Structure formats: C-alpha cells, structure tokens
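Reader: I am a first-year student and would like to understand how one part of a protein is held to its surroundings. Please choose a single part, look at it closely, and explain each term as you go.

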Number of protein chains: 2
Amino acid sequence: MDRRQKKTRRAIFAAFTDLLKEESYAKITVQQIIDRADIGRTTFYSHFETKDELLNALCTDIFEHVFSEELSKEKTHDFSRVHDIKSQITHILYHLQEHMDYLPGILSGESEDIFMGYFKNHLQQLFTKVISLSSASAPEDYLLNHMVCDFAETVKWWTKNQSYSPEEICGFFYETIPV
Amino acid sequence: MDRRQKKTRRAIFAAFTDLLKEESYAKITVQQIIDRADIGRTTFYSHFETKDELLNALCTDIFEHVFSEELSKEKTHDFSRVHDIKSQITHILYHLQEHMDYLPGILSGESEDIFMGYFKNHLQQLFTKVISLSSASAPEDYLLNHMVCDFAETVKWWTKNQSYSPEEICGFFYETIPV
DNA sequence: TCAATACAAAACACAGTGTTCTGTTTCTTG
DNA sequence: CAAGAAACAGAACACTGTGTTTTGTATTGA
C-alpha cells in the first residue's frame, strides 16, 4: 500500500474520531472531515464510497482488536467454568474503554445500527455456548437476544455513565445471567 | 378543532403509518407522505414543523394508549405480588401488538431513538418500584437500565420475530428479572 | 353572509451528497 | 534517473430532500 494512501487514510480516521468527540455521527458532514483531515473531496471519495463506509471501516478496526484474541483462544475456553466467560467479558470492556471518548458520538441514530450490528454479531457468537448451558426454560432464540442486547445496551449505558470499572460492570452483568 | 384540520391530520397519520409498513422511517420523504395523503406541501408543514415532529406526535399517541390505564391504576398496584407486574406487562404487549405492522419501520436509525425515548421513559417509571424490591447486589441505576433496555429490546426483537404470544413473551421476560 | 382560516400549487433558497473535470505532486519501477 | 502510474487538490456540477414563501381558492363557524 502506498505511503500516501496510508497517511491519508490515517488522517481521515483521525479527523473522523476527533469530530465524533464533539458531535454525533449524523451531524458530521463529509466537508468537516476533509477540512480537518486537510485533504480534497475527491481524495475522500477515492478512499471511501460514502460516509457510512468510513464508519463501517472504523467498526471493523475496533472489533478486530476487541474480539481478536478472544476468538483465537476460543478452543481452550470452557464456559462451564465461571472464570473464562468473566475474563472474556472483562477483556472486551477494557478494549472498548480505549475508545470511550468517541463512542457516544456513534451510539445514536443510524450509526448505532451499524456499530451494534458488528458488536452483536460477535456477541452472538460468544454467548451461544453460554445459552446452551443455561437451565432457563425460555427458548434459546429469546435467551440469545436477551443476553446479547443486555450486554450491548449495558455497554452503551456505560459509555454515557462512566462511573464504574470494567470489573464492576462485568460483575453486575454476570449476576443477572440466566444460568 | 376544525373538521378540515382533523381530516387532514388523520390523512397524514394514515399515509405515514401506511408508508412505514413498506419502508423505514429514514427512507420516507415528506413528498411521499403528502402524495399519499393527497394534500399540499404547505398543509403538511402547517400541521407539523418537521418529519420528526410527526413521528413524535405518533409516539405520543401510541404510548398514551399503551400506558394510560396502567398509570391510572398505579395506586392500587402492589408489585410485591407477582400478578400485578405480569398483568401490566401483558397489557402493554397486547397494546403494542396492535401497531405491530408498522413498528419495524420505526425501530431503526434516528426514529428508533425517538420511539425508544418515549418507551423507556414510561418503562423507567414502571420498573423503578420493582428494582427497589430487588435483592440483587448491583446498584439501582445499573439494574434500572438493565430492566428497561431488556424489555425494550425484547419488544424490538418481538416485532421482527413474531412467533410468540404476549403471554409467552411476558413469561420469558419475567423469568430473567433479577428478584 | 362574511371574515377567518385551512388549504393547494408552484417556485424558491438552502444544505449536503456524490461525480466529474483538469491539472499537480508523489511514488515506484525499469 | 527517468517515465509512467497513481494519489492528490481544487473547483464546478447535478441531484435530492428540506423547509419557506407567495398567491390565490375553498370551506367553515359565527
């Protein structure tokens, strides 16, 4: 990849996340992004087809880091032991905490759908095993949605109300899991 | 109120909910609404300042019916008895079921925020008492968000996956309440 | 009946998107 | 190092949708 491309791409992401700290995704215009990144309009559109695609790329980046090592260790995990699922969740929360400053700008409107789409897909994969061990009588499709949304919405709430540590949030969440 | 006003207002709401059955709120334009309602552009804007205000008016209407009798019976309710909270939830689900055909069109993007804003406000009021009786060790602000989002997201899931009755959904939900 | 007002139709300014053009700079490869 | 390829800037453009304004008509309630 061309050095210029990488530089421009970094500049776009930097400008984008920077703007997200100040206002919500919906209010940010392409014009603002290219002004702050100090690039031309054509340049932006040669990197990303639309503003939404930029957000998609950002989300891919984020969740690649958040879920990468979790998934690679997947085989060695045994969810019947409490420690594993708890440590995974804590890890996820620590990773997300690094992006805390601009996440609120994403978590509303159309951008929330895109972000949550990625997030919930990964969570679904993670919680499916937990559900299968659950003794709750509700059907699995209900329980899976219940857990995935519970965690996703808890994270959303956490970003707007940052008064607890990842360990605390994990503890609260674990307490209400239907096991 | 003028008969013409009421007629026009009804026509706008009818066209709006009708369009919501076909596509999402974000994709619906004012032009489509006034075409289907067979009214002029100026007429629409004399009734509602923006498209968002129309959605707000619709939400107000919906939740007025969904939560009206529940709130009026508030004083006679005793949440320490299982029956009351369960019957309330079932009632809410039955009312929402009447709008099932166009709710999916609202439950995404910016419109979801508006709808959920009303919904969660009412739910917060409803669940605060339940939380105070909970024996869970997590803090109340966490638990309240947990329950409110759980129910709201369950309803959202229900509208997209309509294979259970209000009673069944209520049963599933009640099973995972932290009491 | 008559004044008020709800309405229709069309034109308008505005903002934001995504495209297209013409050059210029920078990289890479032979 | 030279030459072609690719990334870039800048400006203009068409397009869509919003919300406003203007002018004139039809309906209502007093």
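Author: A residue is called buried when its relative accessible area is under 20%, exposed when it is over 50%, and partly exposed in between, using a 1.4 Å probe and protein chains only as cover. This is a predicted model, in which local features need pLDDT of at least 70 and side-chain atom pairs count only at pLDDT 80 or more, while totals for chains, interfaces and linings use all residues, and side-chain values rest on heavy atoms, without hydrogens or water. Residues are numbered from 1 along each chain as its sequence is written, with chains lettered from A and ligands numbered from 1 in the order in which they are written.

Let us take helix H7 as our part, where helices are DSSP runs (H or I) of at least four residues, and strands (E) of at least two, numbered from the N terminus. In chain B, helix H7 covers residues 109-132 and includes Glu110(B), which counts as partly exposed because its relative accessibility is 31%.

In chain A, Glu112(A) has only 6% relative accessibility and therefore counts as buried. Its partner in a salt bridge (a side-chain nitrogen of Lys or Arg within 4 Å of a carboxyl oxygen of Asp or Glu) is Lys156(A), with the closest N and O atoms 3.1 Å apart. This pair joins distant parts of the chain, since Glu112(A) sits in helix H7 (residues 109-132) and Lys156(A) in helix H8 (residues 140-160) of chain A, 44 residues apart. Lys156(A) is buried as well, because its relative accessibility is 13%.

Helix H7 of chain A also reaches the other chain, for Lys120(A) forms a salt bridge with Glu153(B), the closest N and O atoms being 3.5 Å apart. Here the pair crosses between chains, running from helix H7 of chain A to helix H8 (residues 140-160) of chain B. Lys120(A), at 18% relative accessibility, counts as buried, and Glu153(B), with a relative accessible area of 4%, is buried too. Over all chains, the structure holds 14 salt bridges.

Rings make further links. Rings of Phe, Tyr and Trp (its six-membered ring) pair if their centres lie within 6.5 Å, and the pair is stacked when the planes are under 30 degrees apart, edge-to-face when they are over 60, and tilted otherwise. By this rule there are 34 aromatic pairs over all chains. One of them joins Phe63(A) and Phe115(A), a tilted pair with 4.9 Å from centre to centre and 50° between the planes. Phe63(A) lies in helix H4 (residues 51-72) of chain A and Phe115(A) in helix H7 of chain A, so this pair ties together parts that are 52 residues apart in sequence. Both of these residues, Phe63(A) and Phe115(A), are buried. They also belong to one aromatic cluster, whose members include Phe67(A), Phe119(A), Phe127(A), Phe151(A) and Phe173(A).

For another kind of geometry, we can step outside the chosen helix to Phe13(B) and Phe48(B), whose ring centres are 5.9 Å apart with planes at 80°, so that the pair is edge-to-face. Phe13(B) lies in helix H1 of chain B and Phe48(B) in the loop between helix H3 (41-47) and helix H4 (51-72) of chain B, so these rings tie together parts that are 35 residues apart in sequence. Phe13(B) and Phe48(B) are both buried.
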